[in-house]
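Subject: Handover of a structure and summary of findings

Dear colleague,

Please find below the structure that I am handing over to you. A summary of what was found in it follows.

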Amino acid sequence: MQGKGLLKAFLILMSIVCLIQLFYFFPTSKVERAAEDYATTTSASKSGLEKDMAFKMARAKYLDSMSTEKIFNVPLLGVGYTYSDLKQRQLNLGLDLKGGMSTLLEVDLSELLNALAGRNSKDSEFVQAIANAKKAQENDQSNFISLFVAEYKKIAGGKPMARLFAQSESLGGNINLETSDNEVERLLRERADQTVDLTFKMLKERIDRLGVVQPNISLDKARDLILVEMPGIDNPERARQFLQKNAQLEFWETYRLTDAGIQAGLQQADLRLSGDTSAVAAAQDTSALKTGGPLLSILKMNNPTAPTAPITVVGLADKNKKDAVMAMLGRPDIQALFPKNLKFMWSYKPHQDFNTQLLTNQYELYAIKTTPGSDKAPLDGEVVTDASATQDQVTGEPQVSLIMNAIGAKKWAELTQKAYEGNPEGQRREIAIALDNEVVTAPSVNNGAITGGSSVISGSFNVQETVDLSNILEVGKLPAKTKIIQESNVGPSLGKSNIDKSLNSLLIGFGLVMLFMVLYYSGAGIISILALFANIIFILGALSSFGTVLTLPGIAGIVLTIGMAVDANVIIYERIKEELRSGKSLLDAIKDGFNHSYSAIVDANVTTIITALLLAYFGIGPIKGFRVVLTIGVLSSMLTAVLLAHLLIDGYVAGGKRNLTFWNAGTKDTLSSLSIDWVGKRKYAYIFSGTLIVVGLISIFTRGFDLGVDFQGGHSFNVQFEADQKVTADDLRNKLTANFEATPVVKIVDTENTFNITTSYLINENEEGTEEKVTSKLFEGLKSIVSSDISYEQFKAGDAPGMKLLSSSKVGPTVADDIKKSSVYAGLFALMAIFLYILFRFSRWQYSAGAVIAVFHDALITIGMFSLLKGIVPFSLEIDQAFIAAILTVIGYSINDTVIVFDRIREYMGIYGHKSQGEIINNAINKTFSRTTFTSLTTLFVVIGLFLFGGASIKGFAFALLVGIVIGTYSSIFVATPLMIDLGGGRNKKPEVK
């Protein structure tokens, strides 16, 4: 073996680096145990939910205090590492293993285009193109700028796009009326990329202030998507505020209801909307409040003489009536009834009752005074340099204190002086402080101009809300709005269960492989086990150094690569056994065994890497994590199984001084003397495969699939009931149908009284609080099932007696459609890539065609099984992202055995060219049968462990791999090779094969 010294040095260095990466876990674990002890002591005097909250806050406080403390020193290097340093350098656990919240955010670029167009944003063709692009985005994977350009060209009738943006100062004057559409699109895309990138960076800063330990934030630039994973989040609503709040802070002058034209305008609007045009002109008497029309029946006007709300408030409306009120007030003929510089704005929080001081379900409507000819506020959040949570010195109420820069301080003094001087009657006026077009507070200026640039925001806040609001304001306004299009929440109890089950499956699979290798390959099997241990260390070390987040599919990837690593050993060992049986010496057999195995191993692993690359491009979230693990695992497996194992074997035999056994008495000649006419039996295989495919297709078109939330969109919940609760899927459907206004999809997850509930209720709504509405409806429907008296807070926290909310997720229609298309593209590109690679390696299209048809056959049968067996087997067979990852893995893995056979056929074609095609191919299959069988068998060991002990959430994934591996082994012999023959892939046509 060439370059042994260099290879040894590389392996030793790599081992040291990986071990150091894994060592970082120990100092941080010590700190985290101390945090647990501190939190337990601190919260000991409390009980129930209060105790849980106190525990979490105390733990977070302790870890925060240790974040900058050095906890690990390296005296020789003179460096020390803090807790934060080490956490960043170690392997992160994903949400499905740790619990927490995952969201996929879409950056809304429509407002950016509106800003860049300026006055032209009112252009009818521009407005229509924006609307069409938003609609197209629901079913198209292209970015928003590309969609806008395409839609504009459809309706513009040849008008240049430059006319819309020629006067845009934000584009640096780079566009004039002569600029081509392609150049305009390039400049818009460039500006959009800058906006998305800045939004991404500001969100990262916000999340840091949220106090999340080891968040994972990644940007998909091609689709303007931001993936945010936040371990340990137990208040999803608070996290949503951080992620979606635009933080556009504005200071406005205001109208009162008693100002000229306000109350009369509302009355006239009510009459006009009711169709009573004859009474509109007469509705000038503001002393008699007229109600009952379309507007004033849902908007309760504030009474100026006996106000039920602050004097600045013009009216109150229920939360679910806000949109209807604004739709009526937004009509051009209704707007004409009010002053031209007026716009309406709702309150940020519900109205607080004057008498009870409790929050109601009504929101306050304000009349904002704008600058004539402009929608821009006199003062905005750009001038704020500092925001902090404080308390009112008199009342003790939480508030947010603001400090402005010199320009803001000057403008603030002018604005407050104007409000202090009031209107011509000398009445002091109010200034509305709005956040994202909602009025947070509207205080009256009673003591003259406020100088120094200080201000406060108050309004029925609790301490946590003021802390969050001050953090959001201090980071600043997001350059573009973000919208949650996919969300997943995993409870900590489910995370711990997933870890336990995953470790069990890993250990059991590993144990089965070790047992087989030692029993079947004797001494050489022990060397493969040593290489396998090294492989796991290399994989975990590499994942840690790359900052990879390890998810449940990632652990499945590790389990799978264990089997694939042993595959390489089996290929090599079977070839060495073959060489030994032919009479070669041990040293020659080892040398030739490795040399003749390299091509098959490389081919097999390259096809798997192709699969991984496709997962990287088309996958979302955890599936990308599976891709990273699979890629690293394949590369590490090749390194350890081929190079490290070769070094260990050469070192042990020491030039022939020591003997190494590759068999025992019972396995020496196993499957070595086969003489089966595989080619002659291919017609029976065609009938068998055809039957399976036809039955599967019939089932697909008649029974369909059990589509997961990934593919159909909706809100999905996993709920577990106590063992003594007698609950059926029909019970849950009946209880929840009325609440969700349609029958939900209810499936049994596993035998532990756990159900998955999926509903499309409110799936198209993107308003704040929609997830809370859906969850509360779920709780209302389920509460009657359990005998215990539980609260909504207990249910959300996952610790309610009788039932637990284990996890929840939301997938919007856009993402669901995106996943469907990505899945189809990934499958087609996988087949195409494999066709081209096999063509490159074997230089005959018949080999490529046989291989691709075979893997398509494997995928089709596996998909058919999921349709045929749905509802029959006692576990879920959902079609979701994990299933697509399994299908792609099957495609990549199925080709492995095919390549082994093809490689031997090519070798024998050169050696035994005088023989018939049938003899050569039968001989090649017979000689490689043990390799083909045992490579699949070792992988099956670990997949069976994953299937039996890996937990319900990846049982479908493991089942797809089981079916795919079995069918893939069969097809490499009975489908790929016969098809290659029938397509004319053989060289010698005599005698004819029948």
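A residue counts as exposed when its relative accessible area is over 50%, as buried when that area is under 20%, and as partly exposed in between. Lysine 376 has 53% relative accessibility, and therefore counts as exposed. Lysine 376 forms a salt bridge with aspartate 380, in which the closest N and O atoms are 3.3 Å apart. Aspartate 380 has a relative accessibility of 19%, so this residue counts as buried.

Please note that the model is a predicted one. The general picture of the chain is given next, followed by the individual features.

Overall picture

The chain has 994 residues, and 54% of them are buried. Its secondary structure consists of 30 helices and 25 strands. If one takes the contacts between residues at least 6 apart in sequence, 73% of them join residues at least 24 apart. The chain has an accessible surface of about 43,300 Å², and carbon and sulfur atoms account for 57% of that surface.

Salt bridges

The whole structure contains 27 salt bridges. One of them joins aspartate 259 to arginine 429, with 2.5 Å between the closest N and O atoms. Aspartate 259 is in the loop between β7 (249-254) and α12 (263-274), while arginine 429 is in the loop between α15 (406-421) and β15 (431-435), so this salt bridge ties together parts that are 170 residues apart in sequence. Both aspartate 259 and arginine 429 are buried.

A further salt bridge is formed by the side chains of arginine 733 and aspartate 730, at 2.6 Å from N to O. These two residues belong to helix α23 (residues 729-740); because they are 3 residues apart there, about one helical turn separates them. Arginine 733 is partly exposed, with a relative accessible area of 24%, and aspartate 730 is likewise partly exposed, at 48% relative accessibility. Elsewhere, Arg575, Glu578, Glu579, Lys584, Asp592, Arg904 and Glu907 are joined into one network by salt bridges that share partners.

Aromatic residues

A search of the whole structure finds 30 aromatic pairs. One of these is the pair of phenylalanine 126 and phenylalanine 165, which is edge-to-face, with 6.3 Å from centre to centre and 70° between the planes. Phenylalanine 126 belongs to helix α7 (residues 124-137) and phenylalanine 165 to helix α9 (residues 162-165); the two are 39 residues apart, and their pairing links distant parts of the chain. Phenylalanine 126 has 0% relative accessibility and so counts as buried. Phenylalanine 165 is also buried, with a relative accessible area of 1%.

There is also an aromatic cluster, formed by Phe516, Tyr520, Tyr521, Tyr573, Phe662, Phe934 and Phe941.

In two places a charged end sits over the ring of a tyrosine. The charged end of lysine 369 is placed over the ring of tyrosine 255, at 4.9 Å from the ring centre. The charged end of arginine 658 is placed over the ring of tyrosine 652, at 5.1 Å from the ring centre.

Another tyrosine, tyrosine 908, is located in helix α28 (residues 881-911). Tyrosine 908 is buried, its relative accessible area being 6%. Between tyrosine 908 and alanine 924 there are 7.1 Å in space, C-alpha to C-alpha, and the two are 16 residues apart in sequence.

A nonpolar patch on the surface

Val824, Tyr825, Leu828, Phe829, Met832, Leu836, Leu839, Trp845, Ile853 and Leu983 make up a nonpolar surface patch of about 920 Å². Two helices, α26 (813-842) and α27 (845-868), each supply at least two residues of this patch. Which of the elements gives the largest share of the patch? That element is α26, with 7 residues. Leucine 983, another member of the patch, is found in the segment after α30 (955-982). With a relative accessibility of 32%, leucine 983 counts as partly exposed.

Yours sincerely

Note on methods
Residues are numbered from 1 along each chain as its sequence is written. This is a predicted model: local features need pLDDT of at least 70, side-chain atom pairs count only at pLDDT 80 or more; totals for chains, interfaces and linings use all residues. Side-chain values use heavy atoms; hydrogens and water are left out. Helices (H or I, at least four residues) and strands (E, at least two) are DSSP runs, numbered from the N terminus. Buried means under 20% relative accessible area, exposed over 50%, partly exposed in between (1.4 Å probe, protein chains only). Contact means heavy atoms within 4.5 Å. Accessible areas come from the Shrake-Rupley method with a 1.4 Å probe; for residues, only the protein chains shown count as cover. Rings of Phe, Tyr and Trp (its six-membered ring) pair if their centres lie within 6.5 Å; planes under 30 degrees apart count as stacked, over 60 as edge-to-face and the rest as tilted. A charge sits over a ring if NZ of Lys or CZ of Arg is within 6 Å of the ring centre and within 35 degrees of the ring normal. Patches are made of residues with over 30% relative accessible area and no salt bridge: like charges are joined within 9 Å, nonpolar side chains (Val, Leu, Ile, Met, Phe, Trp, Tyr) within 5 Å. A salt bridge is a side-chain nitrogen of Lys or Arg within 4 Å of a carboxyl oxygen of Asp or Glu.
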